[in-house]
Each structure stands twice: as C-alpha cells, then as structure tokens.
There are 2 protein chains.
Amino acid sequence: MSRRDEVIDAAQRILQDEGLEALTMRRLGEALSMRAPSLYKHVSGKDEIEAALQQRALQSLGVALGAAGVDLASLAAAYRGWALAHPRLYELAARRPLHRDQLAPGVEADAAAPLVAAVGADPDAARALWAAAHGLVDLELAGRFPPGADVDAAWATVVRAFSGLTGS
Amino acid sequence: MSRRDEVIDAAQRILQDEGLEALTMRRLGEALSMRAPSLYKHVSGKDEIEAALQQRALQSLGVALGAAGVDLASLAAAYRGWALAHPRLYELAARRPLHRDQLAPGVEADAAAPLVAAVGADPDAARALWAAAHGLVDLELAGRFPPGADVDAAWATVVRAFSGLTGS
DNA sequence: ACCTGAACACCGTTCAAGT
DNA sequence: ACCTGAACACCGTTCAAGT
C-alpha cells in the first residue's frame, strides 16, 4: 500500500470515528506519526483527501443501491440505510462541495444509476426521487425532524407518491 | 436601533454579499469600525449571530410560503423562489446546525405551517413534501445537478407525485 | 458603557533545511 | 525520498487595561 493510500485510510478512520471537524491536517499527521507539513509530500492538500473520501462514499453508496434491486421501497430503504450507517461519509459526499475535478469520471453517474433505473429511465423523475431521498436523509441526519417524528412514515409517503407516478 | 441589532444587520449584509465564509468576527468588526473583541460586548458570540440570522431566514421563508396560498404548485414555486433569491440565508438556515436553544419558540413550526396545510395536516406527508422541496433546493444550490438538467421538470414531477397522493 | 491590544489555542499551507 | 521546525495568514474567544 502506497503512503498516499495510508493517508487516505487514516483520514477515513478519523472522519468516521471522530467526525468531520476532527479531520485536520495536524490531527491526521499525528495519526500517522508525522507533522502536518509532511503530509504534503504524499497528497496535494486537504482537498485531495476530501475528494478521495467522496469518491469512496459514492462508490460504496452505488454498490448498496445496486444490491437493493429495482423495487422503489427497497431502494429507498437501501439509500436511507447506507446514509445512517455512514453518516460522516454521507455528510462529506452530500453536504459539502463535490471536488468534481478530482473525481474519477462516472463515479457520480454510477452511484445514481440504480435510482434512474427504478423510475424507468426518466431523468426528471430520477432527480426528483433523488432529491426526496436526499432531503429525507439530510433532515434526519441534521436532527431537523422533531423528536417524536415518524421518519419511517415520511419515507413510506415518498415511496407511495413516486409509485403512483410510474404505476398508473 | 440597539448596537446588537446593528451587529446582526451588518452580519446579514456580509452574509448575503460575500458569503458564509466571509462572515468572521474580524470581518464583522471591520464593517462596524471596531475590533473583533469589542463585538462580545453586544453579542455572546458567533453562535448568537448565526441564530439571529437563522431566525430571520425562517420567518422570511414562512411569510413567502404563507403568501403563496395552499396550492401545491405555487407553494413549491414559492419555496424554490425564496431559496434562490436568498441562497446564503437558505444555506445558513438549512445546511447548518440550527441553534434551536437561541431561536424564538414556534419559528420553525410557523415556517413549516403552510406546507402542513397544503397536504391536509398529515404530518408524515408534510415532512415528505418538505424533504422533497429541501432536497431539490439543496442539490440545486450545491450545483449537484448536471449543467443541462431540467430542474423545473424535476420540481413538476414532485408536485405531480404529491398531488396524486391527496387527489385520489 | 464601550473599545483596545495582546494573547491563547487553533486552522491550511509554504519553504528552507536536515537525513 | 522523506520528514522537520519555523513561519505566514488566518480562525473564535478571553481578559486586563484604557476612556
């Protein structure tokens, strides 16, 4: 494993265990037993680290969605399940600017492909569905729903609304 | 106008004109012709400033939604219109942790009330609709849709999906 | 009552220097 | 090839001191 990959791996560990605000160059250097300036010999800067983790997140999410099949309900469950299982990665990939220039081409499209397939290849419907799923996850992760809110029911409503679109 | 209100006003101007990352205590002090530490005589810290702006954002959004009526399509247009007209305020109020403890009680609920009314007081449907609208705005503001994407059509799809819910 | 300068504990990043 | 210390230009915040 290259030294660069060790840096990215350590960054992912810090992100998942301690959160996004803990992911600093000094903290990362500490985890690798070096000073922060030394990291710049293996990585161009913090942006490259974030881009690499965004890429991993998109790929992992895409795999999870692909495994869920084409059924709208199970796809929705897979989206939410992945996000709740990897909240820091989701946050980094969905709530932060995407470092598109440093992403392998197609990663974004591959992650979204299962959603597109589920709505019958209609790109507008796919974007609407993606937005609804993203909005639900985003609000849930941000703690925006009131304590007693039935988030499952909100998801079910979205699934029902979009089923009505393609079903009839 | 109290000195505190002058601070909040200046903060809003900086936020809207220069963006969230320009809203620093030193920059804010400069705009008010004082040093950053002096701000702490009028405001407890940056959190209070952010909370005050979040409150203004929620109130302004609530007014815009209330004026749109109960029609789902015009409500959706009002939500998107407000967000695109005040992208920095929307970002502060929707993409950042809400400083709930420093918010006047009811502000959140008041902003959401028109959405709740539009879906027939069903809280699950209201959350689903809110999430879909938030997701669409969030992705659009973050530049996550591809350049040629028909965002209008995606909004129309959401409106159609939710109309089907209550209509039949 | 209001404002200041100096300081503290942080950031990301650059760079000359060492091995 | 790899790592270091010192430095630069930033953060939010505290505090003793001035008027």
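These legends accompany several close-up views of a predicted model with two protein chains and two DNA strands.

**View 1. Chain A is built from helices.** Let us start with the overall fold of chain A, whose secondary structure comes to nine helices and zero strands. Followed along the sequence, the pattern reads α-α-α-α-α-α-α-α-α. The C-alpha trace of chain A spans about 60 × 40 × 25 Å along its principal axes.

**View 2. DNA strand C is surrounded by residues of the protein.** Around DNA strand C there are 15 residues, and the closest are A:R26, A:Y40, B:R35, B:S38 and B:H42. If you sort the residues of this surface by class, you find six nonpolar, four polar and five charged. Of the atoms of DNA strand C within 4 Å of the protein, 49% belong to sugar or phosphate, while the rest belong to bases.

**View 3. Phosphate oxygens of DNA strand C meet side-chain and backbone atoms.** Here it is worth zooming in on individual atom pairs. From chain A, an N or O atom in the side chain of A:Y40 is 2.7 Å from a phosphate oxygen of the strand. A:K46 takes part through its backbone, with a polar atom 3.0 Å from a phosphate oxygen of DNA strand C. On the chain B side, a polar backbone atom of B:R35 is 2.6 Å from a phosphate oxygen of DNA strand C.

**View 4. DNA strand D has its own set of surrounding residues.** Which residues are the closest to DNA strand D? They are A:R35, A:S38, A:H42, B:R26 and B:Y40, out of 15 that surround the strand. Sugar and phosphate account for 50% of the atoms of DNA strand D that come within 4 Å of the protein. The surface near this strand divides into six nonpolar, four polar and five charged residues.

**View 5. Chain B residues reach phosphate oxygens of DNA strand D.** In the side chain of B:Y40, an N or O atom is 2.7 Å from a phosphate oxygen of DNA strand D. B:T24 also uses its side chain, placing a polar atom 3.4 Å from a phosphate oxygen of the strand. For B:M25 the partner is a polar backbone atom, 3.0 Å from a phosphate oxygen of DNA strand D. Two or more residues of the surface near DNA strand D come from each of α3 (36-39) of chain A and α2 (25-31) of chain B.

**View 6. Chain A and chain B share an interface.** Now for the protein-protein side of the model. In this view, 33 residues of chain A are in contact with 33 residues of chain B. The two chains bury about 2,800 Å² between them, with 60% of it on carbon and sulfur atoms. In chain A, the residues that lose the most area to chain B are A:R95, A:R127 and A:R144, which together make up 23% of what that side buries.

**View 7. Polar contacts and helices at the interface.** How many salt bridges are counted between chain A and chain B? The count is zero, whereas 13 residue pairs are found in polar contact across the interface. On the side of chain A that touches chain B, α6 (87-94), α8 (123-141) and α9 (151-167) each supply at least two residues. The largest share comes from α8(A), with twelve residues. By class, this side of chain A has 19 nonpolar, four polar and ten charged residues.

**View 8. Two tyrosine rings pair within chain A.** Over all chains, the count of aromatic pairs comes to four. In one pair, the ring centres of A:Y79 and A:Y90 are 6.0 Å apart and their planes are at 75°, so the pair is edge-to-face. A:Y79 lies in helix α5 (residues 72-85) and A:Y90 in helix α6, so the pair ties together parts of chain A that are eleven residues apart in sequence.

Conventions: Residues numbered from 1 in each chain as written. Chains lettered and ligands numbered in written order. Predicted model: local features only at pLDDT ≥ 70, side-chain atom pairs only at ≥ 80, totals over all residues. Heavy atoms only, no water. Near = heavy atom within 4 Å. Polar contact = N/O pair within 3.5 Å; in protein donor to acceptor, adjacent residues only side chain to side chain. Nonpolar A, V, L, I, M, F, W, Y, C, P; charged D, E, K, R; others polar. Contact = heavy atoms within 4.5 Å. Buried area = accessible area lost by both parts, 1.4 Å probe. Salt bridge = Lys/Arg side-chain N within 4 Å of Asp/Glu carboxyl O. Helix = DSSP H or I, 4+ residues; strand = E, 2+ residues; numbered from the N terminus. Phe/Tyr/Trp six-rings, centres within 6.5 Å; stacked < 30°, edge-to-face > 60°.
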